[in-house]
Amino acid sequence: MSDASNTSTADVVKDYILREFLPGEDRDALTDATALITTGILDSVATLKLVSFLEEEFTITLEAHEADVEFLNTIADIVQLIERKQRAK
Amino acid sequence: MTTETLAYALREQPADTETGALTERVRFGAVAFQFAVLVACIRGLDIGNVALGHVSTLALAGFVVHHLLPLRFRLPLFVMLSLAGIATVFGLRDGAMLVGVGLVLIGICHLPCAYAIRVGLLLAAGGLLAVLRVDWLAAPVSVAVWPILGSMFMFRLINYMYDLKHRTAPFSLGRALAYFFMLPNVCFVLFPVVDYKTMWTTYHNDNRIGIYQVGLRWMLRGIIQLVLYRVLYHYLLIEPASIRDAGDVFRFMVTTYLLYLRVSGDFHLIIGLMHLFGFNLSESHHMYLLSSSFNDFWRRINIYWKDFLLKVFYRPTYFRLKHLGTGRAMVFATVFSFVVTWLLHSYQWFWLRGQFPITGQDAVFWTILCILVAVNSLYEARYGRRRSLAKQTRSFRAGVGIALRTIGTFVVICTLWSVWTYDSFSGWFAVMAQARHVSLADAGLILGSLVVIGVSGAVLGHSTSERTEAGAASISGRPPLRFWRSAITVTCVGAAMYALSRHEVHKRLPTHTAGVVQRLTRNTLNVLDEIKLTRGYYEDLTGVTHANFELWSLLAKQQDVHQPIYHTALARRTGDFFGSELIASSRDVYKGATVTINHWGMRDRDYTRAKPPGTYRIMLVGASTAMGWGVGLEETFENLVEDRLNADPPDPGFTSYEILNLSVPSYFALQKLRLAEERAFQFEPDALYIVMTTHDVGMVNYHLYTVVKNDIEIPYEPVRDILRRAGASKHMTDQEFWRRVEPHVPELIGFAYRRLADVCRSHEVDPVMLLIPFLKSKPKPGAPALDVLARENGLDVFDLSDVFQGVPEDSLLIDPWDRHPNPQGHRMIAERLEEHVRSHIRSDRSGPRSGGKTP
């Protein structure tokens, strides 16, 4: 798991998305509310890569039905999902 | 965002900030007007089927009330409209049965027992319905109910149970009824797999006028696609037997793929109509012709299907296997999803047609597409693809790259599609072999077309492709709606299309143009399908596949449409040149009419072999129409003419008139000749009428293929010689055989006529060719004129080819799916034939003869 005390969950997710899917993009242009799936930034392949990253990075387990727009469309949604999973552990 | 915070609770979305209440009312008026124009279009252009005309009118009336109701009453009204639509299309009894079965299935989903038990019960119910579907048990419903029941439940039930398991959406009886019995579904057997959760997350989730307007735009797009489909279907499709060179092969491959416009057009209409009731669903297809990779193609064509697979099969498989690593899990999940897709296509075919086909073409198509998508997915997983938060600018070089990828994807998909939809591999290879004949014009046509595809892909395709993956939830991906621009476009284009459907407009057009416009504004079969349908009357029809939407949808309505007569007690297969024959002294019900065969093996009254003194006797040698297919014995045109001649004799020299009907279904020119030679003259006729219909030309070729393929001896040396010269043999595919023999068809028919004229004259019998039309059928372009051929070869001609002119042909069919004339059609033929017969007897005969060989 990343150093959560120094870096917020949102930042970790944001860094990953910028690094993997939006290399060279302006960091400020990607906000917590930017739609990722409904604008096509995350397609099905990218979504599965993101899921693998989240599970590994935050030691959580996601269900198949959670890998969709309802839970992963924005960084805010993703953070909310991670926090819920961590609380449920 | 979690389930709890989703906007499931119904609440009215505010109007656009720039608009006030008055503007909102004006916009609603504009929406209602556009909807009325589109409904007029649907009815005027005969889009879909009669049911769609009724249901769209019902939807229009319901839409206005729906809009004016408070939000909480709108869903109940939508459900009531949907149920009313079912009752309108099927009637109360069958409609109630359909809804009743649906309620039982929905009830099982919500039984208070374990999820696995409910799934088991649903499978058991499905098994019972399957038994009824294949007629192992008698079902108390019309066969027409099955395809619609299947299209409502076969996939959506899976989706519904998935969401029920995960409780990812709210559930209630109203929502379930709205989901399964969706208003437009009763008109379409192929229906998008709408996602339950998406249906309710997007319900009234935006300003409703905006939702309506998007729906209207998509409905118009659907209508345009369906009219383009007709252009393709009637004017651009090429018969495999007519393919001669590379240009033809290219045209064949492209047009076969483009026939899919029928599905995307229907789906646009369906989803557009749902928008008018607040369901803000996403588009079902997105510029799939301009896909720039195989994954891109998979994401753009039938997006609802892709989302369904992704949700129910792909992701769960991936999650189970992800411990193997992302790449491996992805490949296994992709393979599994494609196997499921293949099986689900056969499963769909089962519910719609009652058969579960597993074909080699399916295997090849899905296997190759699966490999291409899997490889593409691995590539994307490893190297990613270009994404951007802002609008992308693209270099010329990148544009060329996209153009080339678009061309490559298009060519591969066209090729795969043509394999998938072809009857056989050998037939497909025979067609492809014609590509070796390449002219400069062919090369120019192919290259030019591909350049257009590539440039279109570079300019239009890439700019929106990134949004397509969002599938059923891509609301935020849509460009902002410009209401009035959209409204004016829909109104003007819709009104223009409606005007073209009007008879008053046709009258002002030049004859040829009016003919083209009429064909494009009517729901009719093209020449090729007419031939296939005609073949279907005579054999077990196997060439009607999922790719042939027109015939398929026609046959879906009536299962016994292609039951050959030799499956009844009336006829048997002979295995000789005739193929089949009527059984003397038999009786059965066929095509809704009781048919009796007399002791001479004729579908006719009883006659003595020897002609009674003072009698004028005509032998009639024809096929199904002349036999009286689907009408009573006393309603056939030949018996009507016989009765009229006897009631008012044309020549006082004869005391009675007899018409003996030797006609047998599926007899074409050469069989009729043989039948006349072997059986007609023993009855001592004065005249012999060989009855030809306008579709007989193509069927001569078809008959000869059957004969040659089955090693049946051809009794005429000139015919054998023609086949030798054509290079036709039993080892060829049907298409290859037909391609070779087609240029010789006039020679074959000419031979039959000439020989018939000679043999008649040798028996002192007047030979006549009676030409009658085959309903809703146009002669194949370039086909020889049967009347000219007959006159050139010594036959008198009674040309009745225009006998049905001025009367709507639909009103003369024995059934909407059967092109033989009903009793009214026979009466019209009889009236005209009677005139010819009277005139013929008066001019050619001066007194009674004993007939036949006796002077």
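Asp734(B), Gln735(B), Glu736(B), Phe737(B), Trp738(B), Arg739(B) and Val741(B) are the buried residues of helix H29 of chain B. A residue is buried if 20 or more other C-beta atoms lie within 10 Å of its own, exposed if 12 or fewer, and partly exposed in between, with C-beta atoms placed from the backbone. H29(B) spans residues 734-741, and 7 of its 8 residues are buried, so the helix is largely enclosed by the rest of the structure. Its cover includes helix H17 (425-433), helix H27 (696-709), helix H28 (717-726) and helix H30 (745-762) of chain B. Helices (H or I, at least four residues) and strands (E, at least two) are DSSP runs, numbered from the N terminus.

This is a predicted model, in which local features need pLDDT of at least 70, side-chain atom pairs count only at pLDDT 80 or more, and totals for chains, interfaces and linings use all residues. Residues are numbered from 1 along each chain as its sequence is written, and chains are lettered from A and ligands numbered from 1 in the order in which they are written.

**Confidence**

The predictor gives the complex an ipTM of 0.90 and a pTM of 0.75. Chain B averages a pLDDT of 86, and 88% of its residues score at least 70. Over residues 536-549 of chain B the pLDDT is below 50, yet the model has 28 contacts for this stretch beyond near neighbours in sequence. The pLDDT also stays under 50 over residues 555-561 of chain B, with 17 contacts beyond four places in sequence. Here pLDDT is the predictor's confidence in each residue, from 0 to 100. Two residues are in contact if their C-beta atoms, placed from the backbone, lie within 7 Å.

**The chains**

Chain A has 4 helices and 0 strands. From the N terminus on, its elements run α-α-α-α. The radius of gyration of chain A is 12 Å, close to the 12 Å that the globule rule gives for 89 residues, so chain A is as compact as a globular protein of that length. That radius is taken over C-alpha atoms, and the rule is 2.2 Å times the number of residues to the power 0.38. Along its principal axes the C-alpha trace of chain A spans about 35 × 30 × 20 Å. Buried residues make up 44% of chain A. Among its contacts between residues at least 6 apart in sequence, 58% join residues at least 24 apart.

Chain B has 32 helices and 11 strands. Of its 855 residues, 46% count as buried. For contacts in chain B between residues at least 6 apart in sequence, 76% join residues at least 24 apart. Chain B is divided into domain 1 (1-234 + 263-283 + 482-521) and domain 2 (607-844). The C-alpha centres of these two domains lie 48 Å apart. Domain bounds come from an automatic or database domain assignment.

**Cores and a strand pair**

The largest nonpolar core has 165 residues, and those with the most contacts inside it are Leu72(A), Leu38(B), Cys41(B) and Ile223(B). Helix H9 (residues 208-236) of chain B gives the most to this core, with 13 residues. Another core lies apart from it, with 88 residues, among them Ala626(B), Leu662(B), Val707(B) and Val768(B). A nonpolar core is a set of buried Ala, Val, Leu, Ile, Met, Phe, Trp, Tyr and Cys residues joined through C-beta atoms within 7 Å. Leaving aside neighbours within four places in sequence, Leu38(B) is in contact with Leu216(B), Met219(B), Leu220(B), Ile223(B) and Gly494(B).

Strand E6 (residues 656-661) of chain B has 5 of its 6 residues buried, so it is largely enclosed by the rest of the structure. Strand E5 (residues 615-621) of chain B runs parallel to E6(B), joined by 6 bridges. Two strands pair if DSSP finds at least two bridges between them. In this pair, Ile618(B) stands opposite Ile659(B).

**Buried loop residues**

| Residue | Loop in chain B | C-beta neighbours within 10 Å |
|---|---|---|
| Ile301(B) | between H12 (294-300) and H13 (303-321) | Ile301(B): 21 |
| His204(B) | between H8 (196-201) and H9 | His204(B): 20 |
| Ser666(B) | between E6 and H26 (669-680) | Ser666(B): 23 |

Most residues other than glycine have a negative phi. His204(B) has a positive phi, near 50 degrees. Phi of Ser666(B) is also positive, near 65 degrees. Ile301(B) touches His285(B) and Tyr288(B), not counting residues up to four places away in sequence. The C-alpha atoms of Ile301(B) and Tyr288(B) are separated by 5.3 Å, although the two residues are 13 apart along the chain.
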